[in-house]
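Me: I would like a close look at a single part of this model, with enough of its surroundings to place that part in context. Please keep the account connected and careful.

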Amino acid sequence: AAVVVDSNSVVVDSRENAGPDTSIGTSAKRPRVAYAISLIKCGDKQSTPKGLIDAAIVLRHSVHLQSARHPESGSKYDYKMYAIVHRQAEHCSSILRDVGFELMIVDAPVK
């Protein structure tokens, strides 16, 4: 299975979203590094949701290639991707969940 954001986007193989790869070396759980992005709005004249989502997917793919889930990397670390999403951007954030990010929906920290 694969996810396509739009016809110009990167295709992400869902196998990258699987749990930690414990088949290499040991069956113990690997140390995990957390990566976080923020999504505060769905777009305006300066940015588009598609561009922001594409950038997030490229970041996740780069992290994946350097992780223990990609045996050729030689890494001993797994990873977890988080998206800190402002409530006003919640309606355009579901694709991030689809490509392996854990969404954290938050209100503005200061009112």
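What does the secondary structure of the chain come to, and which residues of the largest nonpolar core have the most contacts inside it? Please take that core as the part to examine.

Reply: This is a predicted model, and its secondary structure comes to two helices and five strands, which follow one another from the N terminus in the order β-β-β-α-β-α-β. The chain has 111 residues, of which 29% count as buried, and among its contacts with a separation of 6 or more, 54% are accounted for by residues 24 or more positions apart.

The largest nonpolar core consists of 18 residues, and those with the most contacts inside it are Ile37, Leu39, Ala83, Val85, Ala89, Leu96 and Phe101. At least two residues of this core come from each of strand 3 (32-39), helix 1 (49-65), strand 4 (78-86), helix 2 (94-98) and strand 5 (101-106). Ala83 illustrates how these stretches of the chain meet, for when its neighbours within four places in sequence are left aside, Ala83 is in contact with Ile37, Leu96 and Phe101, and also with Glu102, Leu103 and Met104.

Helix 1, one of the elements that supply the core, has 17 residues and reaches 24 Å from its first C-alpha to its last, close to the 24 Å expected at 1.5 Å a residue. Its buried residues are Ile53, Ala56, Ile57, Arg60, Val63 and His64; because they cover an arc of only 125 degrees around the axis, they are on the same side of helix 1. His61 also has its place in helix 1, but with a relative accessibility of 32% this residue counts as partly exposed. Although His61 and Val99 are 38 residues apart in sequence, their C-alpha atoms are 9.8 Å apart in space.

The loop between helix 1 and strand 4 contains Ser75, which is partly exposed, with a relative accessible area of 21%, and therefore does not count as buried, a term reserved for values under 20%. Not counting neighbours within four places in sequence, Ser75 is in contact with Arg30, Gln66, Ser67 and Ala68, while its C-alpha lies 9.5 Å from that of Leu65, a residue 10 places away in sequence.

In strand 4, the neighbour to consider is Lys80, which counts as partly exposed at 25% relative accessibility. Beyond the residues within four places in sequence, Lys80 is in contact with Arg32, Val33, Ala34 and Tyr35, as well as with Glu102; Glu102 is also among the contacts of Ala83. The C-alpha atoms of Lys80 and Ala36 are separated by 8.5 Å, with their positions 44 residues apart along the chain.

Strand 5 includes Val106, which at 30% relative accessibility counts as partly exposed. Leaving out residues up to four places away in sequence, Val106 touches Ile84, Val85, His86 and Arg87, and of these Val85 is one of the core residues with the most contacts inside the core. Ala89, which also belongs to that group, is 17 residues from Val106 along the chain, with 9.8 Å separating the two C-alpha atoms.

As for the aromatic side chains, the structure holds zero aromatic pairs, but the ring of Tyr79 has the charged end of Arg69 sitting over it, 4.0 Å from the ring centre.

Notes:
Residues are numbered from 1 along each chain as its sequence is written. This is a predicted model: local features need pLDDT of at least 70, side-chain atom pairs count only at pLDDT 80 or more; totals for chains, interfaces and linings use all residues. Side-chain values use heavy atoms; hydrogens and water are left out. A nonpolar core is a set of buried Ala, Val, Leu, Ile, Met, Phe, Trp, Tyr and Cys residues joined through side-chain atoms within 4.5 Å. Buried means under 20% relative accessible area, exposed over 50%, partly exposed in between (1.4 Å probe, protein chains only). Helices (H or I, at least four residues) and strands (E, at least two) are DSSP runs, numbered from the N terminus. Contact means heavy atoms within 4.5 Å. The expected span of a helix is 1.5 Å times one less than its number of residues. The arc is that of the directions from the helix axis to the C-beta atoms. Rings of Phe, Tyr and Trp (its six-membered ring) pair if their centres lie within 6.5 Å; planes under 30 degrees apart count as stacked, over 60 as edge-to-face and the rest as tilted. A charge sits over a ring if NZ of Lys or CZ of Arg is within 6 Å of the ring centre and within 35 degrees of the ring normal.
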